[in-house]
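Work through the exercises below with the model open. Try each task before reading its solution.

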Amino acid sequence: MVITEVEALSRLKTQVVIDDTIRLTLPSSVVQTLHLCVGGSLSDAAFDSLYDEYVRRPAKLKALALLERRDYTRRELKEALARRGFPEKAVSEALDYVDSYHYIDDTHYTESYLSYKAQGKSRRMIYQTLLSKGVDSETIRSCMEACPVDDVENIRQICRRKFGDIHETSPEKKQKIFNYFLRKGYKYGDIASVIKEFDSI
């Protein structure tokens, strides 16, 4: 394995590129101690040792640290690790590591989201939000069947809390209320049925 590039990223960190493709970010002191320089070679054993100490292990530890703060879907955790500069292989290994302990579980994440974060949100908005987090559509549908979301009741509660008595509200104001719920992803028919209920009170 041939070192093809050595670049100081800061006083403490140096990036070493091997065979023009593999990038390792190492402590500058390690680079100096091992005399890693352009044109130099690195044995497979030395590479494995450096990779394990400064890439694979830190990726696993960062994944665990992130999960200590909050739940992540698999895709969210993958993106979070990639943003922190870990290479694709290390990210995949870290994901497999935390997955082996069931620390990431998209079904559990979806169930938790429906229980604690979905209140007041339409089925459509919940579905789109979870899709954007990387949860597959079948998992979302299955969890939503087990923990149903009542759009009409949500509209009813939000209407009471946010808009109060709309019995004598002007048509213009009702249209604004209508548009508010449409933007939140609620269906036209569900909104209309609740507005009609309030009008009949």
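The exercises that follow treat pockets, helix faces, single residues and backbone angles in a predicted model.

**Exercise 1. The largest pocket**

Task: Find the volume of the largest pocket, then state which residues are closest to its centre and which element gives the most to its lining.

Solution:
1. Start with the volume. The largest pocket has about 250 Å³.
2. Go to the lining. It consists of 13 residues, and Thr25, Tyr54, Val55, Gly85 and Phe86 are the closest to the centre.
3. Assign the lining to elements. Two or more residues come from each of β2 (13-18), β3 (22-27) and α2 (44-69).
4. Rank them. β3 gives the most, with four residues.
5. Sort by chemistry. Seven lining residues are nonpolar, three are polar and three are charged.

**Exercise 2. The second largest pocket**

Task: List the lining of the second largest pocket and divide its residues into nonpolar, polar and charged.

Solution:
1. The volume is about 180 Å³.
2. The lining is made of Arg123, Arg124, Tyr127, Arg141, Met144, Glu145, Asp151, Gly185 and Lys187.
3. The elements that give two or more residues to this lining are α6 and α7.
4. The division is two nonpolar, one polar and six charged.

**Exercise 3. The buried face of α3**

Task: Identify the buried residues of α3 and what covers them. Then place Leu81 within that picture.

Solution:
1. Pick out the buried residues. In α3 they are Glu76, Leu77, Ala80 and Leu81.
2. Check their directions. They span an arc of only 130° around the axis, so they sit on the same side of α3.
3. Look at the cover. It includes α2, α4 (88-100) and α5 (106-116).
4. Zoom in on Leu81. This residue belongs to helix α3, which runs over residues 74-83.
5. Apply the cut-off. Leu81 is buried because its relative accessibility is 0%, and buried means under 20%.
6. List its contacts beyond four places in sequence. Leu81 touches Ala59, Lys62, Ala63, Leu66, Phe86, Val91 and Ala94.
7. Add a distance. Leu81 and Leu24 are 57 residues apart along the chain, with 15 Å between their C-alpha atoms.
8. Step past the helix end. Gly85, just after α3, has a positive phi of about 90°.

**Exercise 4. The buried face of α6 and the loop after it**

Task: Find the buried residues of α6, name their packing partners, and describe the contacts of Lys133.

Solution:
1. Ile126, Tyr127 and Leu130 are the buried residues of α6.
2. Down the axis of α6 they fall within an arc of 100°, so they line one face of the helix.
3. That buried set packs against α5 and α7.
4. Move into the loop. Lys133 lies between α6 (123-132) and α7 (137-146).
5. Skip neighbours within four places in sequence. Lys133 then contacts Thr73, Arg75, Glu76, Tyr109 and Tyr113.
6. Single out one pair. The side chains of Lys133 and Tyr109 make a polar contact of 3.5 Å.
7. Check the next backbone angle. Gly134, just after α6, takes a positive phi of about 100°.

**Exercise 5. A loop leucine**

Task: Decide whether Leu36 is buried or exposed, and list its contacts.

Solution:
1. Locate the residue. Leu36 is in the loop between α1 (28-33) and α2.
2. Read its accessibility. Leu36 has a relative accessible area of 9%, so it counts as buried.
3. Collect its contacts, leaving aside neighbours within four places in sequence. They are Ile3, Val6, Val16, Leu26, Val31, Leu42 and Leu50.
4. Compare with a remote position. Leu130 is 94 residues from Leu36 in sequence, and the C-alpha atoms are 46 Å apart.

**Exercise 6. Positive phi outside glycine**

Task: Take Asp19 and Asp20. Give the phi and the exposure class of each.

Solution:
1. Recall the background. Most residues other than glycine have a negative phi.
2. Asp19 has a positive phi, near 55°. Asp20 has one of about 65°.
3. Locate them. Asp19 is in the loop between β2 and β3, and Asp20 is in the loop between β2 and β3 too.
4. Classify Asp19. Its relative accessible area is 36%, so Asp19 is partly exposed.
5. Classify Asp20. Its relative accessible area is 61%, so Asp20 is exposed; the cut-off for exposed is over 50%.

Technical notes: Residues are numbered from 1 along each chain as its sequence is written. This is a predicted model: local features need pLDDT of at least 70, side-chain atom pairs count only at pLDDT 80 or more; totals for chains, interfaces and linings use all residues. Side-chain values use heavy atoms; hydrogens and water are left out. A polar contact is a pair of N or O atoms within 3.5 Å; within protein, one must be able to donate a hydrogen and the other to accept it, and residues adjacent in sequence count only if both atoms are side-chain atoms. Contact means heavy atoms within 4.5 Å. Buried means under 20% relative accessible area, exposed over 50%, partly exposed in between (1.4 Å probe, protein chains only). On a 1 Å grid over the protein atoms alone, a cavity is a set of points where a 1.4 Å probe fits but cannot get out, and a pocket is an open set with protein on both sides within 12 Å along at least five of seven lines; lining residues have an atom within 4 Å of a point. Grid points are joined across faces, edges and corners, and a volume is the space filled by probe spheres set on the points. Ala, Val, Leu, Ile, Met, Phe, Trp, Tyr, Cys and Pro count as nonpolar, Asp, Glu, Lys and Arg as charged, and the others, Gly among them, as polar. The arc is that of the directions from the helix axis to the C-beta atoms.
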